[in-house]
Amino acid sequence: MSSDTLATVPAVPDAPDHADTPRIVPRRRLGQWTAAAVVLVLLALAVNSVLRNDAFQWAVVADYFTTDSVLRGLWLTLWLTAVVMGLGFVLGTLLAAARLSANPVLRAVSWGYVWLFRSIPILVQLLLWFNIGALYPQVFGVKTVNLLTPVAVAIIGLTLHEAAYAAEVVRGGILSVDRGQVEAAQALGLSRWRRWRRIVLPQAMRSIVPPAGNMLIGTLKGTSVVSVIAVQDLLFSVQLVYHRTYQVIPLLMVATVWYTVVTSVLGVGQYYVEKHYARGTGDRR
């Protein structure tokens with residue numbers, strides 16, 4: 001091979017020297033780790049204070065935690081929550097449909113209902129319904145005091161209150177569905193019912209479920225206000241006990257722990273329901 005040929009061959013570059021490559025060092029976040037350590041220390045001190053404080057009387061809490069009266073109150077709380085949420089969302093769905101209708105009268109009535117019942121505190125509503133006999137002594141020839149028991153008053157008051165919020169949740173979920181989806185379903189010749197069942201509702205549920213889950217947990221805790229009208233829910237049941245034994249703090253802790261347990265279970269259920277309706281959206285949750 002001639003020298004001219006050898007001159008045209010490019011030289012092979014030397015292998016990169018890894019020793020000369022700059023090393024990437026992660027940024028030290030001293031402030032974040034310091035804040036995390038402070039928070040953990042404060043949390044440990046708070047937990048230790050609660051567990052070691054004799055005033056909580058944890059032995060008394062354990063004794064009353066599963067008594068018959070407390071469990072009956074817990075059952076009534078759960079039953080009341082389920083009934084109110086079911087009726088509230090049925091009425092709320094009707095109100096949302098009226099708000100989205102082309103009829104101006106239905107839209108105005110729905111808007112007025114939501115405005116009114118969201119403006120009045122739930123405790124005030126319950127007290128008004130509890131004393132409705134002062135306004136209407138008889139309904140269909142029956143004395144109002146005999147017709148509306150405390151439990152019936154609680155169901156009516158809580159349902160009307162929750163329906164106002166449920167209407168906005170359902171309306172927001174329906175409006176979150178792209179209009180093009182509905183138009184495409186119409187172009188395919190799907191009936192109105194099938195469009196709602198197969199196209200609108202499955203997509204709207206992604207927006208409805210998170211606030212509905214929060215409403216469910218809020219309703220569970222909100223049922224405690226019915227104790228003011230002598231409905232024997234969980235809170236009223238423990239109040240009956242500590243009015244007799246004067247062990248206020250441990251009995252309130254019984255109610256607190258039960259509310260925490262139930263809301264935690266509902267939170268887990270909400271997570272899996274949201275995960276189910278988030279399929280295909282790329283939301284890993």
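A salt bridge here is a side-chain nitrogen of Lys or Arg within 4 Å of a carboxyl oxygen of Asp or Glu. Keep that cut-off in mind for the second stop. The model on screen is predicted.

**Stop 1: the whole chain**

Colour by secondary structure. The protein has twelve helices and two strands. Read from the N terminus, the order is α-α-α-α-α-α-β-β-α-α-α-α-α-α. Now colour by accessibility. Of the 285 residues, 32% count as buried. Turn on contacts between residues at least 6 apart in sequence: 74% of these join residues at least 24 apart.

**Stop 2: the salt bridges**

How many salt bridges does a search of the whole structure find? It finds two.

Select Glu 168 and Arg 99. They form a salt bridge, and their closest N and O atoms are 3.3 Å apart. Glu 168 sits in helix 8 (residues 150-175) and Arg 99 in helix 4, so this pair ties together parts that are 69 residues apart in sequence. Check the surface at Arg 99: this residue is partly exposed, with a relative accessible area of 21%.

Add Arg 171 to the selection. Arg 171 forms a salt bridge with Glu 168, with the closest N and O atoms 3.0 Å apart. Both residues belong to helix 8, three residues apart, or about one turn of the helix. Through shared partners, the salt bridges join Arg 99, Glu 168 and Arg 171 into one network.

**Stop 3: the largest pocket**

Switch to a pocket view. The largest pocket has a volume of about 500 Å³. Its lining has 22 residues, and the closest to the centre are Phe 89, Val 170, Met 205, Ile 208 and Ala 212. Select those five to centre the view.

Which helix gives the most to the lining? Helix 10 does, with ten residues. Helix 4, helix 8, helix 10 and helix 12 each supply at least two. Colour the lining by residue class: 17 are nonpolar, four polar and one charged.

**Stop 4: Thr 77**

Move to Thr 77, in helix 4. Is this residue buried or exposed? Thr 77 counts as buried because its relative accessibility is 1%, and the cut-off for buried is under 20%. Show its neighbours, leaving out residues up to four places away in sequence. Thr 77 touches Leu 220, Thr 223, Asp 233, Leu 234 and Tyr 259.

Then draw a C-alpha to C-alpha distance from Thr 77 to Leu 235. The two are 158 residues apart in sequence and 8.9 Å apart in space.

**Stop 5: helix 12**

From Tyr 259, one of the residues Thr 77 touches, go on to helix 12 as a whole. Helix 12 covers residues 248-277, which is 30 residues. From first C-alpha to last, helix 12 reaches 43 Å, close to the 44 Å expected at 1.5 Å a residue.

Select the buried residues of helix 12. The N-terminal ones to click through are Pro 250, Leu 251, Met 253, Val 254 and Ala 255, all buried. Trp 258, Tyr 259, Val 262 and Thr 263 are buried too. Gln 270 and Glu 274 complete the list.

What do these buried residues pack against? Show helix 3 (58-64), helix 4 (68-100), helix 10 (192-222) and helix 11 (234-245): the buried residues of helix 12 pack against these.

Terms used. Residues numbered from 1 in each chain as written. Predicted model: local features only at pLDDT ≥ 70, side-chain atom pairs only at ≥ 80, totals over all residues. Heavy atoms only, no water. Helix = DSSP H or I, 4+ residues; strand = E, 2+ residues; numbered from the N terminus. Expected span 1.5 Å × (residues − 1). Buried < 20%, exposed > 50% of the residue type's maximum accessible area, 1.4 Å probe, protein only. Contact = heavy atoms within 4.5 Å. 1 Å grid on protein atoms, 1.4 Å probe; cavity = no way out; pocket = protein on both sides within 12 Å on 5 of 7 lines; lining within 4 Å. Points joined across faces, edges and corners; volume = space filled by probe spheres on them. Nonpolar A, V, L, I, M, F, W, Y, C, P; charged D, E, K, R; others polar.
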